Amino acid sequence: MAFLKTENTRISAIYTCVPSKIERTQDYEWISLQERQLFTKTTGIIERRVASESTTCSDLCFEAANQLLNDLNCKDEIDLVLFVSQSPDYFLPATSIILQNRLEIPTNAMAFDVNLGCSGYVYGLSIASHFIQSGNIKKVLLLAGDKSTISTNYEDKSTFPLFGDAGTATLLEFDSNAEDWFFSMASDGKGKDAIIIEHGHSRHPYGTMEDETIEIEPGIIRSKKHLKLNGMEVFNFALKEVAPSIKELLNFSNQEIEKVDYFVFHQANKLINDSVRKKLRIDFEKVPLSIDYFGNTSSASIPLTICKELSNQVLNENNKYLLSGFGVGFSWATVLLNLSNVKTKMIEYA
Amino acid sequence: MNIQEFISIIEEEFDEVEKGTLTPTSSFRQMEGWSSMHALILIALVDNHFDVLLTGEELRGLDTIQDLYDLLASKKA
């Protein structure tokens, strides 16, 4: 486990953009009504947002970032554009560079992409805060999200009803009065097959077989270009790694768990989050959810949950937060930080 | 925890199961509407109450509630 401490960084705004189109679990006719009810009970997902065919993750991030930059009037001050996503616009160039231009951010800004999912937001915060604490970079625009629905198949009950689309923009800036941030981060590539899109990149370039769908088991039909998810393996990974890594981070940062006001976990599955919460003996009220109305939104899940459930707290109070993302890779990361005077906004993309 | 208490917890967790109908020899796979979601619920339940992490593979090798209880007891020992 990598443990890190950064200083002089604060978050000043978090904006989230979701598509306006809603898909409800109760309308997912591929599975029986009883299965739909059990699915909602277990995962917590009542409905989720789905982007139209022509909308990409970068479009959602653009909307969030554009409003943020206009509201805070700081377009010319951005030194780094960081795009964390697993659904970029193109194989190349990097989507962050396209967004730099689209957002009319000056060309002296750096821009690069980071290919991470569930853990990506915390990794993004770590990268951004390391640049900022150097003192030479004053403002970073962190864009995180995914259009996961582009790769899920309707006839695959293990992925289709689980994922929602969202794009987020977070503004980080230098602040010599900011409290220190503490990170723990880890990776385990043994879990690579647990969440994977097998074909389409260099290992298995697109050929002719990708349109052929195969029945894996009843209710699960997909092709090699679709997202594959082994729920049981992911579940076991989360139960095994998340709570201990959080305890280790608290130990590293010399903080007591009781002093943490809110725990914002990646929104993969309500059952996972409930289990982690019980292991750590955290009160229910301290663990907000967004999976109920947005599904699993990949690297957008943590900022989305903050915008949906904690907008008043992050603006008007000064609280300690523990943010933890875990999943695809496997990759997992947790940060302990304070949030205050953070502007948030939820935007719907028409 | 004895096996009767374990059965009560399972019956409590699974809405589909009528209370008092499960016995140690009941096959959880044969439960009406058994699905991979139930397997996740069972793994979470065992983790929460026994602090034992059950893999999908281990669960696949089991049939009755007694099998499960015995495995937990041996992993706990």
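Mentor: Before we start, a residue is buried if 20 or more other C-beta atoms lie within 10 Å of its own, and bear in mind that this is a predicted model.

Trainee: OK, which residues of α8(A) are buried, then?

Mentor: They are Ser301(A), Ile302(A), Pro303(A), Leu304(A), Thr305(A), Ile306(A) and Cys307(A). Because seven of the nine residues of that helix, which spans residues 301–309 of chain A, are buried, the helix is largely enclosed by the rest of the structure.

Trainee: Switching to the two chains, how many residues does the contact take from each?

Mentor: Chain A contributes 15 residues to the contact, and chain B contributes 14 residues. On the side of chain A that touches chain B, α1 (33–43), α5 (231–253) and α6 (270–279) each supply at least two residues.

Trainee: Which one gives the most?

Mentor: That is α5(A), with seven residues. Sorted by class, the side of chain A that touches chain B has six nonpolar, five polar and four charged residues.

Trainee: And at what angle do α5(A) and α6(A) pack?

Mentor: The angle is about 30 degrees, and their axes are 10 Å apart. Since angles under 35 degrees count as roughly parallel, that makes α5(A) roughly parallel to α6(A). The crossing of α5(A) and α6(A) is right-handed.

Trainee: Which residues make that contact?

Mentor: From α5(A) come Phe235(A), Ala238(A), Leu239(A), Val242(A) and Ala243(A), while α6(A) brings Ile272(A), Ser275(A), Val276(A) and Lys279(A). By class, the contact of α5(A) with α6(A) has seven nonpolar, one polar and one charged residues.

Definitions and conventions:
Residues are numbered from 1 along each chain as its sequence is written. Chains are lettered from A and ligands numbered from 1 in the order in which they are written. This is a predicted model: local features need pLDDT of at least 70, side-chain atom pairs count only at pLDDT 80 or more; totals for chains, interfaces and linings use all residues. Two residues are in contact if their C-beta atoms, placed from the backbone, lie within 7 Å. Helices (H or I, at least four residues) and strands (E, at least two) are DSSP runs, numbered from the N terminus. Ala, Val, Leu, Ile, Met, Phe, Trp, Tyr, Cys and Pro count as nonpolar, Asp, Glu, Lys and Arg as charged, and the others, Gly among them, as polar. Axes are lines fitted to C-alpha atoms, for helices over the stretch in contact, and angles run from 0 to 180 degrees between N-to-C directions. Angles under 35 degrees count as roughly parallel, over 145 as roughly antiparallel, 65 to 115 as roughly perpendicular and the rest as oblique. A crossing is left-handed if the near helix is turned anticlockwise from the far one by less than a right angle, and right-handed if clockwise. A residue is buried if 20 or more other C-beta atoms lie within 10 Å of its own, exposed if 12 or fewer, and partly exposed in between; C-beta atoms are placed from the backbone.
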